[in-house]
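Here are my notes on the model, as numbered points. Have the sequence and the structure open while you go through them.

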Amino acid sequence: MKRPIFIRNASQLITLQGSSLAPRVMGGMSDLGIIEQGSVWIENGVIQDIGKDTVLAAKFKNRLNDADVIDATGKLAIPGLVDPHTHLVFAGSRENEFNLRLQGASYMEIMKAGGGIYATASKTKAATYEELFQEGYDRLNQCLLHGVTTVEAKSGYGLEWETERKQLEVAKELNQRHVVDVVSTFMGAHAIPKAYQKKPDEYVQKLIKEMIPKVAELRLAEFNDVFCEKGVFTPEQSRKLLEAGKEFGLIPKIHADEIEPYEGAELAAKAGAITADHLLKASETGLYLMAEKGTVGVLLPGTAYFLMAESANARKMIDIGVPVALATDCNPGSSPTVSLPFIMNLGCLKMGMTPAEVITAATINGAHAINRGREIGSLEVGKKADVTIFNVDNYMKLQYLYGVNHTDTVVKHGQVVVKGGKLIEELSLS
Ligand code: NIG
Ligand code: FE
């Protein structure tokens, strides 16, 4: 039996209580459920009790000596951050393209010339399973150090079955062996492979008839994503791919309206996608449809920043009722970062969100974006004990003191995995 953990006396304990069934929208995104001088009693990986320190200390007074106490005096404690959009498993890096883009080349030009996603696909194909696992493992350690306790991970650097499968199997093993939870998405529809450039529909058929059924049969993913973009997959091809996934129980997600408007938001709402991601160029009609359907908008301001594009209009989306989540989009081309706190800062400064809204977007709404709203994303009795403690005394300071990693302590599933801003190495393998 693991010893209980007692997190004590946080200057602000952000609970976000009461949001397990649906993502927060509009004014609800600012209602953080803050307990001042708040404490959490954790047992068997689960939150057993939560409230004012004085109340919990009295309740558990006979058991205080049995528990490992974390003193959070003067600190901010929030639900472990959830990153609902990453391309976690890949090989290599693309700083050469970064350099080219700084000199005026565009992301799509580089991709059309055979770089971009294709460059990472060849490196990922050449990498061994073990190499990919190690890269992914190291990246997950970095996530933890930034307070992130759950990530979604997409395939899509294979574009042929063997490599797609390798990526998904690596993600599955990472989920089993690393303390961070990894939730998988199949994204064979990330680019049209070069051999199919003149016959894209044949690749779409290959995905529908061969790969999607195998992903489902081998239980390698929960979600099915497509890059719906001019020059990549059309809205009609995207619709067919998402519908095919649904038949095999894969929940639709979509990279929508990232570089040009392409009715991606509309498609997301109509196809019953759980999220539409990016949305820089989404139409007003599309956004209203998403609000009506409750489709979560997963916004990736790190990608806009890194591609030097204008960010999505989060302010407008929140004001019309779209549930908004934030993610890193961690990938070697358009957003090579694991720092969700940095993305939250961009949410404030580039997308008109408030410090309260970005916390909701990076916790409970992120959890709903990957269908985990009942288990994680808020601090409530019965939920998984994933808690991040930052070295600031209030949530506004987390964004105000920008560019610094404030992560102090991370508790993952009732286990202390980061202490004093450092990984506890022997515990990082579960
Ligand atoms: O979400 N948009 C498509 N895919 C990624 C980029 C992948 C890459 O450039 O390697 C994205 O931005
Ligand atoms: Fe992406």
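1. One cut-off before anything else: a residue is called buried under 20% relative accessible area, exposed over 50%, and partly exposed in between. By that rule Glu210, with a relative accessible area of 38%, is partly exposed because the value falls between the two limits. Keep in mind that this is a predicted model.

2. Staying with Glu210, the residue belongs to helix H7. Its C-alpha is 8.6 Å from that of Trp161, although 49 residues separate the pair in sequence. So if you are looking at Glu210 on H7, Trp161 is a handy residue to display alongside.

3. Now the ligand. Which residues come closest to ligand 1? Arg94, Tyr107, Tyr157, His190 and Ser334 do, out of 16 residues that surround ligand 1. By type, that shell splits into four nonpolar, nine polar and three charged residues.

4. Three side chains are worth checking against the oxygen atoms of ligand 1. Tyr157 has a polar side-chain atom 2.5 Å from an oxygen of the ligand. For Asp329, a polar side-chain atom sits 2.9 Å from a ligand oxygen. With His255, an N or O atom of the side chain is 3.1 Å from an oxygen of ligand 1. How much of the ligand's own surface does the protein bury? Taken alone, ligand 1 exposes 330 Å², and 100% of that is buried by the protein. The space that ligand 1 takes is also the largest cavity.

5. His190 deserves its own point, being among the residues closest to ligand 1. You will find His190 in the loop that runs between strand E8 (181-189) and helix H7 (200-217). Is His190 buried or exposed? Its relative accessibility is 4%, which is under 20%, so His190 counts as buried. A polar atom of the His190 side chain lies 3.0 Å from the backbone oxygen of Gly156.

6. Strand E8 also holds Thr185. Thr185 is buried because its relative accessibility is 0%, under the 20% limit. What does the side chain of Thr185 contact? The side chain of Glu152, through a polar contact of 2.6 Å.

7. Two methionines have backbone angles you may want to look at. Met26 has a phi near 40°, a positive value in a residue other than glycine. Met26 is in the loop between strand E1 (5-14) and strand E2 (34-43), and at 40% relative accessibility it counts as partly exposed. Met308 has a phi near 55°, again a positive value in a residue other than glycine. Met308 lies in the loop between helix H11 (301-306) and H12. Why is Met308 called exposed? Because its relative accessible area is 52%, over the 50% cut-off.

8. On the other side of H12, the loop that leads from helix H12 (314-320) to strand E13 (324-326) contains Gly321. Gly321 has a relative accessible area of 10%, so it falls under 20% and is buried. Its C-alpha and that of His413 are 32 Å apart, with their positions 92 residues apart along the chain.

9. Another methionine, Met396, is part of helix H16 (residues 395-400). Met396 is partly exposed because 47% relative accessible area lies between the 20% and 50% limits. Met396 and Ala356 are 40 residues apart along the chain, and their C-alpha atoms are separated by 7.4 Å.

10. Last, Glu236, which sits in helix H8 (residues 235-247). Its relative accessible area is 39%, so Glu236 is partly exposed. How far is Glu236 from Ala312 in space? Their C-alpha atoms are 24 Å apart, and in sequence the two residues are 76 apart.

Key: Residues numbered from 1 in each chain as written. Chains lettered and ligands numbered in written order. Predicted model: local features only at pLDDT ≥ 70, side-chain atom pairs only at ≥ 80, totals over all residues. Heavy atoms only, no water. Near = heavy atom within 4 Å. Polar contact = N/O pair within 3.5 Å; in protein donor to acceptor, adjacent residues only side chain to side chain. Areas by Shrake-Rupley, 256 points an atom, 1.4 Å probe, with all protein chains shown as cover. 1 Å grid on protein atoms, 1.4 Å probe; cavity = no way out; pocket = protein on both sides within 12 Å on 5 of 7 lines; lining within 4 Å. Sits in = over half its atoms within 2 Å of the grid points. Nonpolar A, V, L, I, M, F, W, Y, C, P; charged D, E, K, R; others polar. Helix = DSSP H or I, 4+ residues; strand = E, 2+ residues; numbered from the N terminus. Buried < 20%, exposed > 50% of the residue type's maximum accessible area, 1.4 Å probe, protein only.
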